[in-house]
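Me: I am new to this structure and would like a close look at one part of it. Please take one of the enclosed spaces, say what surrounds it, and then work outward to the rest.

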Amino acid sequence: MKRILALLTALTAAPLAAAEPAPMITPGPVTFAVIGAYLAFLVLMGLAFRRFNRNTGDYFRSGSQGSWWLCGASAYVSATSAYTFTVAAGIGYTVGWSILLIYALSPLQFVLLGIFYEPLCRQKRLTTEGEVLRVRFNPATQQVYTIIGLLTGYVGSGMGLYTLAIFVSAIFGFDLYGVIVILGAVVLFYSVAGGRWAVMGTDFLQCLVMIAVTVTVTILCLQELGGIGGIWQKIDELGLARDFQLFKPRAEFGDRFGGYYSWEWLVALQLTTWTSSLSVARTNYSVKDGRNARNALFLCAALQLVGCAFFFIPAFTARFLYQAQVEALPLAAPENASYAVVCLHLLPETMIGLVVVAMFAAAMSTMDTSLNGGASQFMLNVYPPLERLLRLRPRTEAEKLRLSKGYSVFAGLVAIGTAILYAYAGIGPLQLVLMIGAMLGLPRVVPLLWGLFLKRMPQWVPLGAMAAGFLMSLVIRLSTDLGKARWSYVEQVGWIFGVTSLAVFLLCILLRRTNTPEYDRRVDEFYRKMFTPVDFAREVGVSSDRVQLRIIGSFVLLGGIFVALLALPAHDLKGVLCPLGIGGTMMILGGAMLLIARRMPIPEETE
């Protein structure tokens with residue numbers, strides 16, 4: 001689940017500034033070697049999965065053969081952007097335990113979605129959400145939702161790339177435009193070459209690196225603080241008990257936190273995130289069947305628990321031990337660099353490259369999913385009506401695959417160009433797209449939530465209700481900009497959700513007689529199929545589990561060996577133990593994956 005509302009609010013309240021000439025640290029040859037090797041690994045993985053793509057079904061949803069562990073890791077890391085290491089860390093630095101209000105209920109959400117909802121998404125037997133909307137409602141709803149998603153998705157990808165680039169350039173002195181172009185080009189290459197298979201494979205490796213680095217950094221922080229108890233001791237010593245209290249009542253803090261981090265805010269946030277989660281399938285229809293979809297979400301829950309336990313202690317440590325260094329940084333929001341400051345103080349020099357890699361992984365995993373998902377949305381939802389409108393000849397499967405790759409290239413270049421435009425001209429030229437996307441966020445998903453429970457919802461209700469919700473968002477926006485009213489986050493969510501939901505029910509009453517027998521039959525068939533378990537052997541065919549384990553296990557093993565070799569240039573015991581711990585863990589996991597693959601039977605069709 002993406003925490004876009006909370007994190008973008010923090011970002012726009014205190015945006016990152018352009019970097020000053022003097023970086024915090026000048027990277028050495030080891031750092032560049034680590035980054036270069038990591039990017040090379042991603043490119044090689046894209047090439048390794050290239051042969052998996054025989055048609056668009058393979059390219060967009062991995063032929064529905066994804067194993068639970070692969071889809072689950074990909075879903076988790078795709079929802080974890082670079083904001084986790086920058087803006088989210090800055091929030092943790094400022095508000096303490098309140099950061100957990102954004103993340104702590106996510107594991108429960110993943111578990112419940114895994115039990116009750118995600119298997120049903122796989123059983124729809126479709127590839128994109130646009131196709132679901134066409135079957136469930138009508139083509140007009142499909143087109144409107146798809147086009148809005150494409151526009152906001154690529155602009156959002158560009159902004160994420162830009163945010164990471166400007167942060168890294170300020171801390172490490174990397175060239176801003178160079179970071180944008182190199183990272184964008186690498187993501188573009190492996191996403192286009194390997195399709196959904198490469199996206200999930202690289203996501204798995206990036207998830208492993210990200211988790212390993214964050215756990216290592218947190219262990220070093222706890223060692224510096226004197227254990228878990230040292231956190232509470234530092235809170236008392238520095239007089240931070242009020243700042244670190246879990247909930248921030250407005251009566252006590254006034255407007256210091258803008259009404260955030262209260263009980264009411266938590267309810268509004270959870271209403272938003274749960275509604276958004278029920279409108280999409282996290283495994284992107286790539287998973288083998290309903291059981292694997294359920295297990296994939298359970299893995300997301302476990303990884304989110306790890307994240308809650310390890311992601312934010314470094315930000316707390318920066319507040320306790322390095323506050324002066326953080327607040328002296330040449331950034332408009334220096335707290336957003338709290339994670340990097342801790343790493344620079346506690347990690348051995350040879351490990352700094354892995355921190356940069358972990359930040360890259362968070363941003364790139366979001367962008368690669370956006371590119372592949374956007375290409376599938378275009379080719380399966382927008383291109384078919386264009387083909388009919390322009391009277392183009394029907395394309396063969398091979399031609400569709402080439403068109404899909406071509407569109408992915410186009411979309412990647414748009415995202416890179418958007419990031420460069422941000423860097424050159426600021427947010428202004430694209431602010432309108434971002435603003436409209438934010439205003440449509442909740443109005444888009446509320447009708448889909450009610451559509452899960454109102455089987456006979458008339459087909460025009462989602463568009464009508466979305467328009468009503470957008471008008472409410474527009475009223476809030478205009479009244480705020482004109483200074484006529486001041487809306488808290490709780491009030492905004494409450495009014496938008498309430499108005500959109502009211503529109504749903506009113507339109508259901510007004511349009512209840514417009515459903516045709518053909519529409520009712522189509523909806524009945526949609527629900528019948530959704531509640532019918534997938535017979536993998538009959539509907540998909542031979543499993544590729546062995547090949548997945550072998551390829552990804554090989555890259556994990558090689559990656560572990562490379563990380564372990566970083567112990568060679570170390571100058572102290574910590575410099576030896578950190579890379580050996582991370583590298584050894586990766587080697588054990590990679591070796592286990594290869595051993596399991598070796599013991600599995602060899603399907604003739606996939607070998």
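Reply: Helix α2 gives the most to the lining of the second largest cavity, with 4 residues. The model is a predicted one, and every value below is computed from it.

The cavity itself comes first. The structure holds 3 cavities of 30 Å³ or more, and the second largest has about 130 Å³ of space. Its lining includes Val34, Ala37, Tyr38 and Phe41. The numbering of α2 runs from 29 to 48. Also in the lining are Leu205 and Val209, Leu354 and Val357, then Gly559, Phe562 and Val563, and finally Met586. Four helices each supply at least two lining residues: α2, α11 (176-225), α20 (352-389) and α27 (545-564). An α-helix has 3.6 residues a turn, so residues three or four places apart point the same way. That spacing is worth keeping in mind when reading the residue numbers of the lining. As for how such a space is found, rolling a probe the size of a water molecule over the atoms shows where empty space is left.

From the cavity we can move to other covered places. Helix α9 is mostly covered, with 7 of its 8 residues buried. Those buried residues are Glu129, Gly130, Glu131, Val132, Leu133, Val135 and Arg136. Arginine 125 sits in the loop between α8 (118-122) and α9 (129-136). With a relative accessibility of 24%, arginine 125 counts as partly exposed, because buried means under 20%. Its phi is near 60°, a positive value in a residue other than glycine.

Serine 64 also has a positive phi, near 55°, and is likewise a residue other than glycine. Serine 64 is placed in the loop between α3 (56-61) and α4 (68-78). Its relative accessible area is 4%, so serine 64 is buried.

Charged pairs come next. The structure holds 13 salt bridges. One of them joins the side chains of aspartate 243 and arginine 319, at 2.8 Å from N to O. Aspartate 243 belongs to helix α13 (residues 241-244) and arginine 319 to helix α17 (residues 313-321), so this pair ties together parts that are 76 residues apart in sequence. Both partners are covered: aspartate 243 is buried at 10% relative accessibility, and arginine 319 is buried at 9%.

Another salt bridge links glutamate 399 with arginine 393, and here the closest N and O atoms are 2.6 Å apart. Glutamate 399 counts as buried, at 18% relative accessibility, whereas arginine 393 is partly exposed, with a relative accessible area of 46%.

A further salt bridge brings together the side chains of aspartate 535 and arginine 538, at 3.7 Å from N to O. Aspartate 535 is partly exposed, with a relative accessible area of 35%, and arginine 538 is exposed, with 63%. This pair does not stand alone: salt bridges that share partners join Arg125, Asp535, Arg538 and Glu539 into one network. Arg125 in that network is the loop residue between α8 and α9 already described.

The surface has a nonpolar side as well. A nonpolar patch of about 520 Å² is made by Leu105, Leu108, Leu112, Ile115, Phe116 and Phe298. Helix α7 (residues 106-116) gives the most to this patch, with 4 residues. Phenylalanine 298 is found in helix α16 (residues 290-310), and it is partly exposed, at 31% relative accessibility.

The cysteines are left for last. How many disulfides does the structure hold? It holds 0. The sulfur of cysteine 221 has its closest cysteine sulfur in cysteine 343, at 7.4 Å, which is too far for a bond, because a disulfide needs the two sulfur atoms within 2.5 Å. Cysteine 221 is buried, at 0% relative accessibility. Cysteine 508 also counts as buried, at 15%.

To return to the starting point, the second largest cavity is lined by residues that include Val34, Leu205, Leu354 and Phe562, and α2 gives the most to that lining.

Definitions and conventions
Residues are numbered from 1 along each chain as its sequence is written. This is a predicted model: local features need pLDDT of at least 70, side-chain atom pairs count only at pLDDT 80 or more; totals for chains, interfaces and linings use all residues. Side-chain values use heavy atoms; hydrogens and water are left out. Buried means under 20% relative accessible area, exposed over 50%, partly exposed in between (1.4 Å probe, protein chains only). Patches are made of residues with over 30% relative accessible area and no salt bridge: like charges are joined within 9 Å, nonpolar side chains (Val, Leu, Ile, Met, Phe, Trp, Tyr) within 5 Å. Accessible areas come from the Shrake-Rupley method with a 1.4 Å probe; for residues, only the protein chains shown count as cover. A salt bridge is a side-chain nitrogen of Lys or Arg within 4 Å of a carboxyl oxygen of Asp or Glu. On a 1 Å grid over the protein atoms alone, a cavity is a set of points where a 1.4 Å probe fits but cannot get out, and a pocket is an open set with protein on both sides within 12 Å along at least five of seven lines; lining residues have an atom within 4 Å of a point. Grid points are joined across faces, edges and corners, and a volume is the space filled by probe spheres set on the points.
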